[in-house]
Structures are given as structure tokens and as C-alpha cells.
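Reader: I am new to this structure and would like to learn how to read it feature by feature. Could you take me through it slowly?

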Amino acid sequence: MRYYMPTMIYEGSNIVFEQENLFHELGKKALIVTGKSSAKICGALDDVCGILDKFNIEYNIFNSVKANPPIEQTVEGAELGEGADYVIAIGGGSPMDTAKGIAILLKHGRDNYIEKIFGKHNYDAVPVVAIPTTTGTGSEVTPYSVFTDDKLKTKLSMPRRIFPRYAFIDLKYFKTMPLAVRNTTIMDAFSHSIESIINVRSNHYSELYAFKALNLFRKHKDDLMNDNISDEALRDFIHASTYAGVAIAQTGTSLPHALGYPVTYQFGLPHGMANATFMAEFLRVSPKDLVQKVLDATGFTTEEEFAAWLKKFIALTEEKPPIKEEYLEDYAKLISSQEEKLKSHPIKLSLDDIMEMYRNSLL
Ligand code: NAP
Ligand code: FE
């Protein structure tokens with residue numbers, strides 16, 4: 001087994017100001033990468049710009065990362081950030097993932113960008129600083145990036161391993177999340193924990209983090225259902241998200257992520273809810289000793305109770321996508337582009353098994 005976590009995590013109120021020298025040490029020019037408006041609204045962008053101004057660090061702001069970012073956004077960002085010594089990502093998984101891709105292109109140039117991001121040779125990157133603002137992806141501590149590929153009509157994980165150099169976590173940046181973003185991202189962290197536990201790459205260290213994240217979910221799952229999230233609960237969900245990130249940094253994710261990507265591509269079903277949609281079926285096809293451990297950690301007595309809770313919770317924020325039987329074969333075929341996720345499952349599944357998981361979850 002192995003355990004590797006090179007990201008330095010700093011957490012606390014006003015943490016970026018406390019650690020402002022680290023920005024100074026990283027270089028003279030930075031690129032800030034954000035989504036459309038949340039980095040400004042939550043206050044993190046102004047905090048970071050204030051620090052960069054104070055140290056006379058030159059910077060550009062690439063503020064147009066879309067949810068489920070198309071791979072081409074890495075090129076746009078690298079163009080704007082030409083010459084930057086490092087990248088600062090502020091936001092959810094979409095800006096953090098895009099920043100990792102941009103960081104590779106800043107170091108190695110923008111030509112042949114598909115090869116640099118998805119190809120066989122292992123390209124490194126300029127340093128990435130990650131400031132998360134959603135309670136879900138854990139991208140601030142994972143080496144992964146997920147991009148939308150319009151040719152394949154799905155999402156793909158970048159095989160490069162780009163861990164952020166620093167993660168800065170401050171509760172106040174998460175407080176502006178709308179309910180839908182909060183709920184879907186909590187489901188992403190929940191899925192990461194379970195997919196890390198039911199995984200051939202799971203080990204003692206990844207389990208520590210994954211089970212701890214599930215225990216925090218258990219503590220607040222009624223509050224979550226009742227939309228009664230105190231600061232203490234939000235803090236616990238932020239921890240759960242980062243813990244689950246540490247866990248998947250060791251193991252990777254598994255079938256619910258793989259099954260969710262084409263549905264997110266076709267219907268825009270948010271990533272966390274897409275994972276949650278397949279979670280009950282994931283337990284159905286998994287080894288029962290592991291399933292029992294997951295049920296115990298999450299505070300459910302049976303798989304049926306687990307499934308009913310998730311169904312009710314998903315329905316609070318998302319309408320069921322209008323999926324038809326004839327789409328399922330194409331989705332199932334795309335699973336072959338997610339070979340690593342299939343291999344991570346302890347039981348070998350056929351294309352028919354995958355079709356059945358899709359049918360039972362979506363129709
Ligand atoms: P996201 O796509 O980054 O953001 C979703 C929405 O939330 C955006 O509209 C964003 O607004 C808004 N938002 C973010 N933080 C906010 C805040 N504090 N206040 C108000 N609004 C806020 O969402 P995500 O679920 O965090 O990331 C999903 C992506 O991460 C997917 O592509 C997924 O595949 C990937 N992912 C990566 C990993 C990994 O290990 N790298 C793991 C799982 C998933 P703005 O556009 O204005 O910012
Ligand atoms: Fe995820």
C-alpha cells in the first residue's frame with residue numbers, strides 16, 4: 001500500500017492573510033482562475049488580490065471557467081496567464097481542476113495541449129494554490145482534473161498527477177453557496193468516501209479519512225434533509241469534503257462517477273447529484289461486508305433505507321432527467337473510456353450489469 005499527500009493544508013479564519021508570505025515566495029507573476037462570480041461574491045478574490053497588490057505581484061484573472069469545464073478552457077487560461085510563475089484557483093472543482101491543466105500548459109507551452117493533458121508522457125506544472133468554496137470535490141487535495149470532452153460526449157479525468165502546493169480553507173468562503181450547490185457538492189464528497197472504501201485500492205490510511213467523512217455525514221444527515229445547516233455543520237461538511245479528497249487521492253473514484261459523467265454531459269445533472277443517483281445500485285453490486293461497513297458509518301440500517309433517503313434528498317433539488325431506454329447503450333459503451341474506474345471495483349462487471357445499473361437508477 002502507499003499513502004501520499006504532498007499538499008500543505010492551511011485552515012482557519014482569515015487564513016490567506018495569515019499565510020500571505022507564501023504568495024510572495026511563489027513568484028512575481030500569478031494567474032487567478034475562477035468561475036463567473038462566486039469568487040468575488042464570497043470575498044476570496046478580493047482577499048487574494050489585496051495580498052498580491054501588497055507584494056506588487058503582477059496578476060491576471062481568468063474568470064470564465066464553466067461548470068464541468070471543457071478542456072479548451074485550459075488553453076484560454078494559459079494564454080491569459082502567459083509568463084505566470086504560479087496559478088491561484090478560487091472556487092469549486094471546476095476552477096480548481098482547470099487551474100491544474102493551465103499550470104501544465106504554463107510550464108510546457110500550449111501546443112499539443114490534448115497530448116500534454118491526456119497523453120502518456122507525465123508533464124509537471126507550475127505551482128497551484130487552491131482555495132475551495134464548495135463542500136464537494138476535494139480537488140484542493142487531489143491530483144486529478146476532470147474535463148468535458150465534446151468529441152466523446154462525456155467527461156474525462158486527466159491522468160496527470162498535479163497536487164496543489166497549498167490549500168487554503170476558510171469557512172467564510174463557503175457561506176455564500178446556494179442550497180443547490182451545497183447539497184450537490186455534499187453528495188459528491190459522500191460519493192467520494194463510499195467509492196474510496198468500496199475500491200480495490202482502498203487501504204488503512206484512505207479508510208481513516210473516508211470513514212471519518214461518512215461519520216460527519218451521519219452526524220448531520222437529518223439537518224441536511226431539513227435544510228438546517230449551522231456553522232458547525234458547515235464546518236463538518238467542509239472537513240468531510242477535504243477528508244474524502246485525501247481518500248480519493250489514494251484510491252481514485254469508482255462506478256458512480258463513471259456512470260454519472262455521460263448523464264451530466266447530456267442533461268447537465270450536477271456532478272454530485274449524478275453520483276448520488278447511482279449510489280444505491282453501486283451498493284447492490286458491491287461486496288456485502290463492505291456495504292455493511294458503509295451502512296454502519298452512515299447510520300442506515302438497510303440498503304433500502306439508504307436508497308430511500310438518497311431518492312428523497314436528490315428530489316429536493318433536482319428533477320429527474322428525461323432519460324430514455326435508447327440512450328442507455330451509448331452511456332454503457334462510454335464506460336469503456338473509464339477503464340480505471342471499472343478496474344477499481346472489487347467485482348468484475350459486464351456491460352449488461354452496467355446497463356442494469358443505468359436502468360434501475362434512471363428509468
Ligand atoms: P463548480 O462547477 O466548481 O461550481 C458550481 C457552481 O457553484 C458554479 O455556478 C459556481 O459559481 C458556484 N459556486 C461555487 N462556490 C460558490 C460559493 N461559495 N458561493 C456561491 N456560489 C458558488 O462545482 P463543484 O461541484 O465544486 O465542481 C464540480 C467539478 O469538479 C466537476 O467538473 C467534477 O467532475 C469535478 N470533480 C473533480 C474532482 C477532483 O478530484 N479534481 C473530484 C470530483 C469532482 P461560479 O461559476 O460563479 O464560480
Ligand atoms: Fe466527484
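Reader: How many nonpolar, polar and charged residues does the shell around ligand 1 have?

Author: Sorting by class begins with a fixed list, in which Ala, Val, Leu, Ile, Met, Phe, Trp, Tyr, Cys and Pro count as nonpolar, Asp, Glu, Lys and Arg as charged, and the others, Gly among them, as polar. Here the shell around ligand 1 holds 9 nonpolar, 16 polar and 4 charged residues. This is a predicted model, in which local features need pLDDT of at least 70 and side-chain atom pairs count only at pLDDT 80 or more, while totals for chains, interfaces and linings use all residues. Residues are numbered from 1 along each chain as its sequence is written, chains are lettered from A and ligands numbered from 1 in the order in which they are written, and side-chain values use heavy atoms, with hydrogens and water left out.

Reader: Which residues are the closest to ligand 1?

Author: A residue is near a molecule if one of its heavy atoms lies within 4 Å of it. By that rule 29 residues surround ligand 1, and the closest are Ser-37, Ser-38, Ser-94, Thr-134 and Thr-142. Helices are DSSP runs (H or I, at least four residues) and strands likewise (E, at least two), numbered from the N terminus; helix H6 (93–108) and helix H8 each supply at least two residues of this shell.

Reader: Which polar side-chain atom lies 2.6 Å from an oxygen atom of ligand 1?

Author: A polar contact is a pair of N or O atoms within 3.5 Å; within protein, one must be able to donate a hydrogen and the other to accept it, and residues adjacent in sequence count only if both atoms are side-chain atoms. The atom you ask about belongs to Ser-38, while a polar side-chain atom of Asn-68 lies 3.4 Å from an oxygen atom of the ligand and one of Thr-176 lies 2.9 Å from a nitrogen atom of ligand 1. Taken alone, ligand 1 exposes 940 Å², of which the protein buries 87%, with areas computed by the Shrake-Rupley method using a 1.4 Å probe.

Reader: Is Asn-68 buried or exposed?

Author: Buried means under 20% relative accessible area, exposed over 50%, and partly exposed in between (1.4 Å probe, protein chains only). Asn-68 has a relative accessible area of 23%, so it counts as partly exposed. Asn-68 sits in the loop between strand E3 (58–62) and helix H5 (73–80), and has a positive phi of about 50 degrees although it is not a glycine.

Reader: What does helix H8 reach from its first C-alpha to its last?

Author: The expected span of a helix is 1.5 Å times one less than its number of residues. Helix H8 (residues 179–197) has 19 residues and reaches 27 Å, close to the 27 Å expected, and 16 of its 19 residues are buried. An α-helix has 3.6 residues a turn, so residues three or four places apart point the same way. Within H8 lies Ser-193, whose side chain has a polar atom 2.9 Å from the backbone oxygen of Ala-189.

Reader: What does Ser-193 touch, not counting residues up to four places away in sequence?

Author: Contact means heavy atoms within 4.5 Å. On that basis Ser-193 touches Ala-210, Ala-213, Leu-214 and Ala-244, and Ser-193 is buried because its relative accessible area is 1%.
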